[in-house]
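Biologist: I am new to this structure and should like to understand the terms applied to it. Please take me through the reasoning behind them.

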Amino acid sequence: MMSATFSEQQQKDLAKRITSLLSRYKHISDSYIIEFFSENLWETLPEGWQRALSDLTAPQVADLLLDKDISNRTYPSVWPLSLLALRATAHTLAFPRTPPGHQVQDTVGLLKPEEFISNRSQSSLLGHIFRKHVKPKKQHEIRKLGTLVKQLCDQTLCTTVVDVGSGQGHLTRFLSFGLGLDVTGIEADPNLVSMASRFDGQLLLTLAKENQKTGISRLSTAGPAPQHVLGWVNPRATWEVFLQQLSKGGEESESYPGTVGPCKKRQRVSVSDQGPEVERELVHGSQHLCTEECSSVADTEERQSSSLLHQHDGDNSHHVAQSLTVRAEPLFHSNSVLNHLCKEDSLNESPVCAMPNITSGRTSPIYPNVHSCNKRPNRSDFVLTGLHACGDLSATLLRHFVDCPHVQAITSVACCYMKITTKENPAPPGVVPPPLSDNSKDVSQSFGYPMSEWVKGLAQHELSYKAREGACHAVEDYIHRLREESALLKTHCYRAALESIIRAERPHLRRAGIQTIRKAHMLAFSEYARLGLPRVGLPADLPFDHVSVESMLEQQGRVVVYFSLALLLAPVVETLVLLDRMLFLQERGFQSQLVPLFDPALSPRNLVLVAVKPKADGEETH
């Protein structure tokens, strides 16, 4: 469905078709796999589907249901037309998730992009100073997104970037020290803001140390270092309030009452009750980092940094002190980054190598509807970006892009769709309603979904919490595990069997939070139950019918199949959420494009919404 001629009418038609499909199979997308036995989910499928799916092996499930790129499928039996139609329709309606020219290498049983072939933990395309404290997934993301943001800055003649939900500042540092941009990051968690500033200092000290050895300075006093602002972006506040937050600099701006604290890390299927890879809810504080796997800094590293500072107390002390308050010279020209990316994707143009031509006004096939601003630079103008901005934060940034005259372009990477507010569910689990103020917008105008008038007007456009949570799952990761017949696949069956035991003892205790049981797939079920039952207030030695449980565990294949059916619909749900945002922009006169920028096997939420404001009438072209 995504093509160079993806018009407004096509967007509307696609949204209509998606809502029709999802309403028809709502009973699947809204189901909880942990209730497979307690709610007898298998029997909710048509009998023909049950016969066709009941004896499939895990690799067959991957090939016949989930992998849309399989061309020659071999069926062990005749499938009902309705099942074939569901698979074909789901694959057709979902936005493509594979970047152009994408090549994946399978090394040591793990899917990795080419940049990690020589070293599984360090990107060969990212400078070493940007890899410290950064997981491979984040290295891949900041390199790809940072380069795209830099191109938008060049296109719009902006030198300033605002990174919302900046966390530990990994993207902020790359944009500032690596690409020479003036960057402000705003983050709600004071711990992460502190870490970001500390990591900035460590980077500058590393450069100073290299300067001592080589005599070649990479530091410049041309501009400020990244600015880290502590503040919570209220989805009900106006863009004027947002700009006031940014202007407070290092001072604490409006924070989320009673919610400042650490974030949860991402949980993977090996220890998850809900899916193969879920962008889990935050405990408090940060408005992003839902997929961030935070690196802890050892005390020894802090001592080393302190020691290095003391080493410069002599002749170089003034230089180092000055370094901490200025931006470093870009370590490479932006063209060299593009060359790296183009070389990586040399078989086909990558999204970041095919931006619109800003001098001629032409557009590329990747961004057919995104046009150049072609305007004189304004120091107050900036590009807005959010890497995995959680829940309503992505929607809020789009509203600021539309309303604020200073925002010239935006790149939005969303996540945690289950934390989006809706009319039906204005306070999802884990989300505290924002405080009202004199500058607050109408509550009905600040919901995260739907944003567009078109989708609001579609019958049965509602998306349940569970459907939106399912859209956070990683299809590619689960396909890989199916093909490996991984022992991790038993986790859902274990949890579903335990749910039946809990319901038998306490019928009104539904979907209680067991949370992570470490290495559950390596445990016998009796040990799994012993560890899980006390977490819901039941005795660890609670007796249960072992024969009944064994019968459940023998149905692991059916549990995997049912979960795969729900997973088949997950990209369609995500498409509707993002399509709604495209239509929201379209209704307000702005063209946008969705780009599969990241490797989906490494970064499941890989779709980037890109929009650029067109040049005003009468402005000169540069």
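Modeller: A residue is called buried when its relative accessible area is under 20%, exposed when it is over 50%, and partly exposed in between. Please bear in mind that this is a predicted model.

Biologist: Why is Pro96 called partly exposed?

Modeller: The relative accessibility of Pro96 is 32%. Partly exposed covers values between the 20% and 50% limits, and Pro96 therefore counts as partly exposed. Pro96 belongs to the loop between helix 5 (81-93) and strand 1 (104-107). Its C-alpha is 9.2 Å from that of Pro571, although 475 residues separate the two in sequence.

Biologist: Why does Gln9 count as partly exposed?

Modeller: Gln9, a residue of helix 1 (residues 8-24), has a relative accessibility of 44%. Because that value falls between the two limits, Gln9 counts as partly exposed. Gln9 and Leu583 lie 574 residues apart in sequence, with 9.8 Å between their C-alpha atoms.

Biologist: What makes Asn606 buried?

Modeller: Its relative accessible area is 0%. Buried requires a value under 20%, so Asn606 is buried. Asn606 sits in the loop between strand 10 (592-596) and strand 11 (607-612). Leaving aside residues up to four places away in sequence, Asn606 touches Arg97, Val595, Pro596, Leu597, Phe598 and Pro600.

Biologist: Why is strand 4 (residues 182-187) described as largely enclosed by the rest of the structure?

Modeller: Five of its six residues are buried, and strand 4 is therefore largely enclosed.

Biologist: How do you know that strand 3 and strand 4 pair?

Modeller: Pairing requires at least two bridges, and strand 3 (residues 160-164) and strand 4 have five, in the parallel sense. In one of these, Thr160 has Asp182 of strand 4 as its bridge partner. The chain passes from strand 3 through helix 7 (residues 170-178) to strand 4 in a right-handed β-α-β crossover. Strand 4 also runs parallel to strand 5 (residues 227-230), with four bridges joining them; here Ile186 is partnered by Val229.

Biologist: What makes up the contact of helix 1 with helix 20?

Modeller: The residues of this contact are 12 nonpolar, four polar and two charged. Among them, Leu14 and Ile18 are on the side of helix 1, while Leu576 and Leu579 are on the side of helix 20. The axes of helix 1 and helix 20 (residues 556-587) come within 10 Å and cross at roughly 145°, and the crossing is left-handed.

Technical notes:
Residues numbered from 1 in each chain as written. Predicted model: local features only at pLDDT ≥ 70, side-chain atom pairs only at ≥ 80, totals over all residues. Heavy atoms only, no water. Helix = DSSP H or I, 4+ residues; strand = E, 2+ residues; numbered from the N terminus. Buried < 20%, exposed > 50% of the residue type's maximum accessible area, 1.4 Å probe, protein only. Right-handed = clockwise from strand over helix to strand, strands pointing away. Contact = heavy atoms within 4.5 Å. Axes fitted to C-alpha atoms, helices over the stretch in contact; angles between N-to-C directions. Left-handed = near helix turned anticlockwise from the far one by under 90°. Nonpolar A, V, L, I, M, F, W, Y, C, P; charged D, E, K, R; others polar.
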